[in-house]
Amino acid sequence: GASTGGTPSADNTPTATKSGTTSKINCVSGTLGTGGSTALGPLVQAAAKSYQSQCSGANITTQLTGSGAGLKGVHEGGLQVGNSDNFVSLKKNPEYSDLTDNQVAVVIFSVIINKDVTGVTNLTSEQLKGIFTGKITNWKQVGGPDLQIAVISRPSGSGTRNTFSKYVLGGMDESVSGANHSTAKTSGDVAANVQSKSGSISYDTIDFAKKNNLTTVKIDGQEPTQDNVKTNAYKFWNIEHMYTKGAASGLAKSFIDYVKSADAASLRQQYGFMEISALSSDALAAKTPKA
Amino acid sequence: MSAQQQISPAFADQEQQQRVAALRRLVRRLHLNNSIASTVLALITALSALLFIAIIVKLLIDGVPYLINPDFYGTDGTGVVGPQIFNTIYLLVFSEIILVPIALSAAIYLVEYARQGPLVTVIHFAAETLAGVPSLVLGLFGYLVFSSVLGFGLSRLSGTLTLLCLNFPVALRLFEDALVSVSREQREGGLALGSTKWHMIRTVVLPAALPGIITGIVLSSGKVIAEAAALIFTMGSSNPSNVYTLNPMISTDNLTIHIWFLKTVGAGTIPEHVANAVSAGSAALLIIILLVINLGSRFLGRFIQRRVMAA
Amino acid sequence: MPLVSEAARHMGEFDPTKTLNTSAGTKVDVRHTNFFYGSKQALYDVSLPLRERQVTALIGPSGCGKSTFLRTLNRMNDLIPNTRIEGEALFDNFNIYDKKTDVVLLRQRIGMVFQRPNPFPKSIFENVAYGLKVQGKSQKFIQERVETSLRGAALWDEVKDRLNTSALGLSGGQQQRLCIARALAVEPEVLLMDEPCSALDPIATLKIEELITDLVKDYTIVIVTHNMQQAARVSHFTGFFLSGKLIEVAPTANLFERPRQKETEDYISGRFG
Amino acid sequence: MPLVSEAARHMGEFDPTKTLNTSAGTKVDVRHTNFFYGSKQALYDVSLPLRERQVTALIGPSGCGKSTFLRTLNRMNDLIPNTRIEGEALFDNFNIYDKKTDVVLLRQRIGMVFQRPNPFPKSIFENVAYGLKVQGKSQKFIQERVETSLRGAALWDEVKDRLNTSALGLSGGQQQRLCIARALAVEPEVLLMDEPCSALDPIATLKIEELITDLVKDYTIVIVTHNMQQAARVSHFTGFFLSGKLIEVAPTANLFERPRQKETEDYISGRFG
Amino acid sequence: MAANSVNAQVSQDTRSARTRRSRFSDKVANSVFLICAILVVAIIFGVFIFLGFNGLKMFQDPAAKNFFTSTNWDPGADSPSYGALGFILGSVVTTLLATIIVTPLSFATALYLTEMAPKWVNALLRPLIEIFTGMPSVIIGFLGLIVLVPWLTKVAAPIAPSAANAGVGWGAATLILVVMVLPTVVSVSMDALTAVPESVREASLALGSTRWQTMKSAILPAASAGLATAVVLGMTRAIGEALAVGMVLQGDTHLPNGPFSLGWFFQPNINITNAILNYFSEASGTERNGYLMLGFVLLIISFLFICLSRYIASRSVYK
Ligand SMILES: Nc1ncnc2c1ncn2[C@@H]1O[C@H](COP(=O)(O)OP(=O)(O)OP(=O)(O)O)[C@@H](O)[C@H]1O
Ligand SMILES: Nc1ncnc2c1ncn2[C@@H]1O[C@H](COP(=O)(O)OP(=O)(O)OP(=O)(O)O)[C@@H](O)[C@H]1O
Ligand SMILES: [Mg+2]
Ligand SMILES: [Mg+2]
Ligand SMILES: O=P([O-])([O-])[O-]
């Protein structure tokens, strides 16, 4: 049957990152605006909360606006840290060359379906392409009940959506439009919508899927597990970044260091993220753009 | 001369009687039309009224159970609105502190000093146009100017300045009305005693216009409390751990943004029943605040009027 | 006597003393009327017969109740909340004040002209046609009656070429005559006029006064005025109000020349008001 | 002659003919004044000397320019945009109309009382003290002067026990006397009064008239009135305005009894207005 | 004559010194006030300049030339397309439709309340209407999501192209706008009706017309300019409404395919404000300027509405 929620393997003990040797936070006070990826959002929020509780002089906020908005926010000055599920594409946004990449974790996504859709446990890339381009419109075409498919997608700036296009749909952009298609604003909004909208399908992090009791499906027979990600057998995952304008400094640096630190390892685990260090080099290379 | 009280024989006249009879028939038809029209109007009004009342009742029924729970006002955790209430009040006070002196000064200029002419026309036209700008568009403007160009980022300060743009024309209009309502006789009374204009304004016009000024402040407060669209791009929709600070540079939300957040971008981040509870509670709270403001502004205006008059 | 003879000399051709008919029938017979604005009494036991086809003028200082009295006659005071009336005003066998009286019908029979000209913001034609349209008259009938009424109000020649222009473009005096034409169009039996000239210049006033002297051949007219000379010039009977009481009513010349009451004398000799 | 003698009989004790001084000095000498509201001329070549310690009354029909003229004297018309004045009004060796004239100072020397009583919504004391506070007088000085002024305005006895209650609680007549007291407090040399009694009842009117006859011992007074009897009762000189022109100015009795101009005669005999 | 005495002369000199000083403060006050008044002009200029400048910059990109002519908004495509007609259509259609529903409702309500209603009805409804004119739009949006959308999903499913999405789209947006705009239009209409002088009512009633005839033939025509302003004001509000409408639209950047049909109202759909709200914060380059351009379009539309209402008001008989 379909696995409910992602199951981050507990045996994956975090290895200490280079900076996380001391358990004391290097507190910096001030105001820090972070924002962007709603996939990374929960981790950043939790880390911020923990950071602020230990460093009372720091005020950290996290806007849930999507990866694209995170990059733009930090580029234009509205934010100091922009969270993104994707690498900056200098081809698309040459002006973002002023941004510095800080990688913090690995996120695992999954395709999720509404509970009314019974009997569908696996979808092939081809089937997903059919669904997300509007060619397949009824669940019975993929072995499910006679029910219209309601596709829910994210706005184009979403890192989840871009990862989905690039690594699941084979570089092809979704192009469903019409009555059975709607958009949700954030990862959380996707989860809420899939929960309530009959016959719906979308994509989200395994953490949101689990917390909202949503059904995840295998992609090309692969389950969304950390083990499958390590080997890149399961393709729907990505590296989480916290971009800064120029090199991170001050509170931004301190906070990013904390998110990456050993202290925050339990948080990363709690929110379903994987350590970058756990990736095989093949997997890492598959997601990292060639310089 | 009041002796003969006899009724005139004129209406005994046949023709006159027929005319009156015809009129009477006509009037009966007019009354019928009148009743039909009245009924239709009353029904439509009842329909609109029912819509409004149903909305209020729905909001209160859904929300009040949470409102009466003290946990709802908690200062920390999920499903509480303590921070949002503080932020709302913070924003209210901060923006009124900036708004009132500026808008009142502008109103004084327009009512007391300006000569009727192109400048006044331009200012009024500008104010009217600004009042008609959708708040989302002002949000874009605030983002471009305050958050980006001036570098205030997403912060209470950017939000407050955007609210200033939003409320300026409204407050200006209300303050102008308050000043204009002070009678010309009062002003002339002051000037005729040989006081300068500014002295006359301070001692005669402003005290007399106080009730109207207070009403203006209260009504613009209502707008601050209700506003969300102009703030989402300028102030953001999330809070730091500790919002209970006067720091204007941090990004926060307020009650209305929070409702929007919970039902859209923040949906799914907390369980739906909690989100609905908080939204319903906040909505009811806002309704009650607006109700109080609405009734309060009248009451306060009248109260101050009485105080001023009885000074 | 100086006042009235002065006026008569000035007016020349239309001296009301010539058309005075002290035995004219009573068109409306007002008896023992009390009127209250809330708890404030504005009329005290007023009894006054309005003679058919005669002009009755009502004079008195400001606030004495002239307008209030006039507006009881076509139940215009109904529009003011919390008012109450006692007594009776017999008109064609029914009591005007009666709750059951059909005010719409009443007002079609008793027309009114107000202190400030109040034309509708419509064309001149539409203004006069208004009452006729209310009555659902035919287009042809309306066409004719508008002309007759405007002629009757001595306005036709001045406006016949611009019947479709806005009535608000007329001068104050013309507007007031338009309002009179509008009232005449529905052929009322009685015409009430509340200080119809107070907003007008002397020449327009003269025109209206001429018109009144003319209209009285067909209509019973009641006119409120604060100008004693005007009362003397146009009215057959004059009633003097003071503080809500009708102090005295008499043929106009008698009232001005031989007032029976001390208050009347004080008032007309200018000692107050 | 009937009007004036009527009035004199009625007023009894304060007959202005007794205090008339036709050789009194000229306090303000108005010469060839033209006044314009925008392009509309409201005063035409008005020349009028205001005699020291005499009451000059201005009469004329509504809209003839009485108020306009009065308000040129303390430059109150400055408040109305787009107005223009020509001519001169000599007062203590300077021209009131001069651009360089300090209007604040001018208004401290030429006080004004308005048609409708306009007390500030403050206490009685504060009302009278207003002009003194403007001048920055000491508390003690103010205390004394308030009493003198209220006595001067014949109001002291009625209000001395409630100086700190709101002025709006006073009756209309008391309010008007309060406004006079307020004007007196700053010791002006000239007092302008624009229909000061038109909003008052007969008894309050009488009080104000008495007060005027009393004040004129110390002040030069100009009063606008639409009530000819009032002019006859209180003034030494009367000017008659018509359509912005000063038709005639003369000692009051002369003007009413032997008007030199046809227009004046028409007006005072009630033929228009 | 007091003024001739030496004493009076001295007091006059101190008087003028004092007035000189207070005149100076008068001047200072004047300029401070002037600056504040000018600020309003500066702000609106700023709004036009910042949005206009940034928005119009998008036309430097040749791909943007179909902004007003195409409904294809696809900035992410290999050959990007910036046709905004779909967004504009969404705003215009929902606004017009809401106006068509609101106008008769609000005129009737306003007429009833100003001309006929007993005191207690007014005492109840007027404050209610006032509260609703200041109602936070998110509250209406929230109710839209939890009440209107589920209800429409059920009711409109048979005529909607997709049963699951029947509750969202222009239909829901229009109804939301009706609720948002109705109170404003009612309240401004009531002002317009009350501004008709009592003399007009008296004139009509005194001619023997009934209440209804008076309303129909005298009051409504006399208030027509004010009523028209009310409608225009309502449209200004409707076209700029963002959050409440955005919450129930749920479309992406595309108009539904195919010929225009009733179904368009019961499926995810788009408008200007929703596009800005969803996409502005992440967009860059031409796309970012495109959303600012959409904001500028909104600004121009509201500006035209304001000009229109000023024009109408200037023709009004009674102010
Ligand atoms: N709507 C009202 N409510 C309460 N009192 C009123 C109302 N209208 C008039 N009064 C009072 O009734 C009295 C008579 O007023 P009315 O208008 O009849 O006087 P009038 O003789 O016509 O005076 P004027 O010459 O000033 O028109 C006055 O004391 C007035 O204050
Ligand atoms: N602010 C103004 N703007 C334009 N015209 C005005 C203004 N004030 C008065 N007028 C006009 O100037 C003329 C003289 O007006 P003024 O007020 O001096 O008359 P008045 O004699 O005082 O009349 P009343 O007895 O009615 O008070 C009138 O025709 C009036 O319409
Ligand atoms: Mg009256
Ligand atoms: Mg005047
Ligand atoms: O993480 P995203 O919100 O950019 O999908």
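I will go through the chain contacts, one annotated span, one helix and one ligand site of this structure. Keep in mind that this is a predicted model.

Chains to begin with. Eight pairs of chains are in contact, and the pair that shares the most contacts is B and E. Chain A makes no contact with chain C, and the closest C-alpha atoms of those two chains lie 52 Å apart. Chain A has no contact with chain D either, with the closest C-alpha atoms 49 Å apart.

Staying with chain B for a moment, there is one annotation from a record. UniProt, in an unreviewed entry, lists residues 85-296 of chain B as "domain: ABC transmembrane type-1". In the model that span is 76% helix and 0% strand. The C-alpha atoms at the two ends of the span lie 19 Å apart.

Next, a helix in chain C. Is α5, residues 124-134, enclosed or not, and why? It is largely enclosed by the rest of the structure, because nine of its eleven residues are buried. Buried here means under 20% relative accessible area. Among the buried residues of α5(C) are C:Ile124, C:Phe125, C:Val128, C:Leu132 and C:Val134. The buried set also includes C:Asn127, C:Tyr130 and C:Gly131. As for general helix geometry, an α-helix has 3.6 residues a turn, so residues three or four places apart point the same way. Just after α5(C), the backbone at C:Gly136 takes a positive phi of about 70 degrees.

Now the ligand site, which is ligand 2 in chain D. Which elements each supply at least two residues of the shell around ligand 2? They are β2, residues 40-51, and α3, residues 66-73, both of chain D. Helix α3(D) gives the most, with three residues. The residues around ligand 2 include D:Gly63, D:Cys64, D:Gly65, D:Lys66, D:Ser67 and D:Thr68. Also in the shell are D:Tyr37, D:Lys40, D:Ala42 and D:Ile80. By class, the shell has four nonpolar, five polar and three charged residues.

For those who want distances, I have three, each from a polar side-chain atom to an oxygen atom of ligand 2. For D:Ser67 the distance is 2.5 Å. For D:Lys66 it is 2.9 Å. For D:Glu195 it is 3.4 Å. As for cover, ligand 2 on its own has 640 Å² of accessible area, and the protein covers 63% of that.

That is the end of the walk-through.

Key:
Residues numbered from 1 in each chain as written. Chains lettered and ligands numbered in written order. Predicted model: local features only at pLDDT ≥ 70, side-chain atom pairs only at ≥ 80, totals over all residues. Heavy atoms only, no water. Near = heavy atom within 4 Å. Polar contact = N/O pair within 3.5 Å; in protein donor to acceptor, adjacent residues only side chain to side chain. Areas by Shrake-Rupley, 256 points an atom, 1.4 Å probe, with all protein chains shown as cover. Helix = DSSP H or I, 4+ residues; strand = E, 2+ residues; numbered from the N terminus. Nonpolar A, V, L, I, M, F, W, Y, C, P; charged D, E, K, R; others polar. Buried < 20%, exposed > 50% of the residue type's maximum accessible area, 1.4 Å probe, protein only. UniProt positions renumbered as here; feature names shortened; annotations may be inferred. Contact = heavy atoms within 4.5 Å.
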